[in-house]
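User: Please take a close look at the salt bridges in this model, and at how their partners are placed. I would also like a short comment on the surroundings, as far as they can be described.

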Amino acid sequence: RQGADVGTQYRSVIFYETEEQRERAERSKAAYQQTLKSEIVTEIAPAKVFYRAEGYHQDYYRKNKYEPYCRHVIQPKLEKLHIEL
């Protein structure tokens with residue numbers, strides 16, 4: 001689940017290609033977990049076949065910055081991370 005979105009396509013996951021990447025992701029997750037009360041549900045899984053999204057999905061936020069979803073869901077997350085696009 002991500003906000004109002006539900007389903008496996010909305011899960012949080014880190015894909016790794018090497019054992020070193022997997023180990024780094026596991027260490028990072030474990031370290032951050034110690035600072036939280038609730039469980040981190042982010043999966044750590046091997047990267048498999050990657051399918052590039054259709055063109056209309058590419059650079060979605062920049063192209064649709066004023067759409068309600070972008071303003072109410074994406075923009076607050078970017079602001080929290082001090083990212084300006």
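Analyst: What follows goes through the salt bridges and then turns to two other places in the chain.

The model is predicted, and every distance and accessibility discussed here is computed from it. The structure holds three salt bridges, and the general idea behind them is simple: side chains of opposite charge can pair when their charged atoms come close.

Arg22 is a good place to begin, since this residue takes part in a salt bridge with Glu19, in which the closest N and O atoms are 2.5 Å apart. Both residues belong to helix H1, which spans residues 19–33, and because they are three residues apart in that helix, about one helical turn separates Arg22 from Glu19. Arg22 is partly exposed, with a relative accessible area of 24%, while Glu19 also counts as partly exposed, at 42% relative accessibility.

Arg22 has a further partner in Glu26, the two side chains meeting in a salt bridge with an N to O distance of 4.0 Å; a salt bridge requires the nitrogen to be within 4 Å of the carboxyl oxygen. Glu26 and Arg22 are four residues apart in helix H1, so they too are separated by about one helical turn. For Glu26 the relative accessibility is 34%, and this residue therefore counts as partly exposed. Through shared partners, the salt bridges join Glu19, Arg22 and Glu26 into one network.

Elsewhere in the chain, Asp59 forms a salt bridge with Arg62, where the closest N and O atoms are 3.6 Å apart. Asp59 is partly exposed, its relative accessible area being 40%.

A polar contact of another kind involves Thr42, which lies in the loop between H1 and strand E2, residues 43–46. Thr42 is buried, because its relative accessible area of 17% falls under the 20% cut-off. The side chains of Thr42 and Ser12 are joined by a polar contact of 2.7 Å. When neighbours within four places in sequence are left aside, Thr42 is in contact with Ser12, Val13, Ile14 and Lys29.

On the nonpolar side, Leu81, Ile83 and Leu85 form a patch on the surface, and together they have about 270 Å² of accessible area. Leu81 is found in the segment after helix H3, which covers 68–80, and this residue is exposed, with a relative accessible area of 57%.

Conventions: Residues numbered from 1 in each chain as written. Predicted model: local features only at pLDDT ≥ 70, side-chain atom pairs only at ≥ 80, totals over all residues. Heavy atoms only, no water. Helix = DSSP H or I, 4+ residues; strand = E, 2+ residues; numbered from the N terminus. Buried < 20%, exposed > 50% of the residue type's maximum accessible area, 1.4 Å probe, protein only. Patch = residues over 30% accessible without salt bridge, like charges linked within 9 Å, V, L, I, M, F, W, Y side chains within 5 Å. Areas by Shrake-Rupley, 256 points an atom, 1.4 Å probe, with all protein chains shown as cover. Polar contact = N/O pair within 3.5 Å; in protein donor to acceptor, adjacent residues only side chain to side chain. Contact = heavy atoms within 4.5 Å.
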